[in-house]
Amino acid sequence: MSSSTGAAPPPPDAVDIEMGTATEPLKDGSSGSDIPDPKLGKGFLKPIPETTLMERIAAIAAGFAIVAALVAMIVEGGIVVILAGILSATVSPYAYYQQVQLTDIRALQETEKKIHA
């Protein structure tokens, strides 16, 4: 016994967009050949590196600040130095986090500009 959904089966010459067999032009009249290929990394948007140069510099500076704060706290040992070291060790990773967020914002702005262009 066959179940009927009420929908007719697709004609044999139907296009399958998911499989890439669409031969008809798109609604805007283009053939779709200008659609970027993500495997090649070519297209409207440039690939964004995992970490930028500024992020690496910020990470190195944050690491150096933490090490310097720890050395100062160990060598000096005064209450003012310990408080300053704790603050320095807390603020420097936050500065790195801000640099990462700035990079993400720039990438989002570039994407938005390309979408609206």
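This passage walks through the helices of a predicted model, the way they pack, and a few of their residues.

The overall picture is a simple one to start from. The chain holds two helices and zero strands. Of its 117 residues, 11% are buried. The chain exposes about 10,100 Å², and carbon and sulfur atoms supply 66% of that area. Contacts that link separate parts of the sequence are also present: among those between residues at least 6 apart, 50% join residues at least 24 apart.

The two helices can be located by their numbering. Helix α1 covers residues 53-75, and helix α2 covers residues 79-116. They pack with their axes 8 Å apart, at an angle of about 175 degrees. Because angles over 145 degrees count as roughly antiparallel, α1 is described as roughly antiparallel to α2. On the α1 side, the contact is made by Met54, Glu55, Ala58, Ala59, Ala62, Ala65, Ile66, Ala69, Ala72 and Met73. On the α2 side, the contributors are Val81, Ile82, Gly85, Ile86, Ser88, Ala89, Ser92, Pro93, Tyr96, Gln99, Val100 and Thr103.

A helpful place to begin a closer look is the loop between α1 and α2, where Gly77 is found. Gly77 is partly exposed, at 42% relative accessibility. Once neighbours within four places in sequence are set aside, Gly77 is in contact with Ala72 and Ile82. Both of these partners also appear in the contact between the helices, Ala72 from α1 and Ile82 from α2.

Val81 belongs to helix α2. With a relative accessibility of 25%, Val81 counts as partly exposed. Apart from residues up to four places away in sequence, Val81 touches Ala72, Met73 and Glu76. Val81 can also be placed relative to Ala69: their C-alpha atoms are separated by 8.4 Å, although the two residues are twelve apart along the chain.

Ala69 itself sits in helix α1. Its relative accessible area is 8%, so Ala69 is buried. Beyond its neighbours up to four places away in sequence, Ala69 touches Gly85, Ser88 and Ala89, which are listed among the α2 residues of the helix contact. A further separation helps to place Ala69: its C-alpha atom is 8.2 Å from that of Ile82, a residue 13 places away along the chain.

Two further residues of α2 carry the picture along the contact. Gln99 lies in this helix and is buried, at 12% relative accessibility. Not counting residues up to four places away in sequence, Gln99 touches Met54, Glu55, Ala58 and Arg106. Of these, Met54, Glu55 and Ala58 are α1 residues in the helix contact. Thr103 also lies in α2. At 11% relative accessibility, Thr103 counts as buried too. Leaving out neighbours within four places in sequence, Thr103 is in contact with Thr52 and Glu55. Glu55 is thus a partner shared by Gln99 and Thr103.

The last feature is found on the surface. Val67, Leu70, Val71, Ile74 and Val75 make a nonpolar surface patch of about 510 Å². One of these residues, Leu70, lies in helix α1. Leu70 is partly exposed, with a relative accessible area of 43%. Helix α1 therefore includes both Leu70, which is partly exposed, and Ala69, which is buried.

Key:
Residues numbered from 1 in each chain as written. Predicted model: local features only at pLDDT ≥ 70, side-chain atom pairs only at ≥ 80, totals over all residues. Heavy atoms only, no water. Patch = residues over 30% accessible without salt bridge, like charges linked within 9 Å, V, L, I, M, F, W, Y side chains within 5 Å. Areas by Shrake-Rupley, 256 points an atom, 1.4 Å probe, with all protein chains shown as cover. Salt bridge = Lys/Arg side-chain N within 4 Å of Asp/Glu carboxyl O. Helix = DSSP H or I, 4+ residues; strand = E, 2+ residues; numbered from the N terminus. Buried < 20%, exposed > 50% of the residue type's maximum accessible area, 1.4 Å probe, protein only. Contact = heavy atoms within 4.5 Å. Axes fitted to C-alpha atoms, helices over the stretch in contact; angles between N-to-C directions. Parallel < 35°, antiparallel > 145°, perpendicular 65-115°, else oblique.
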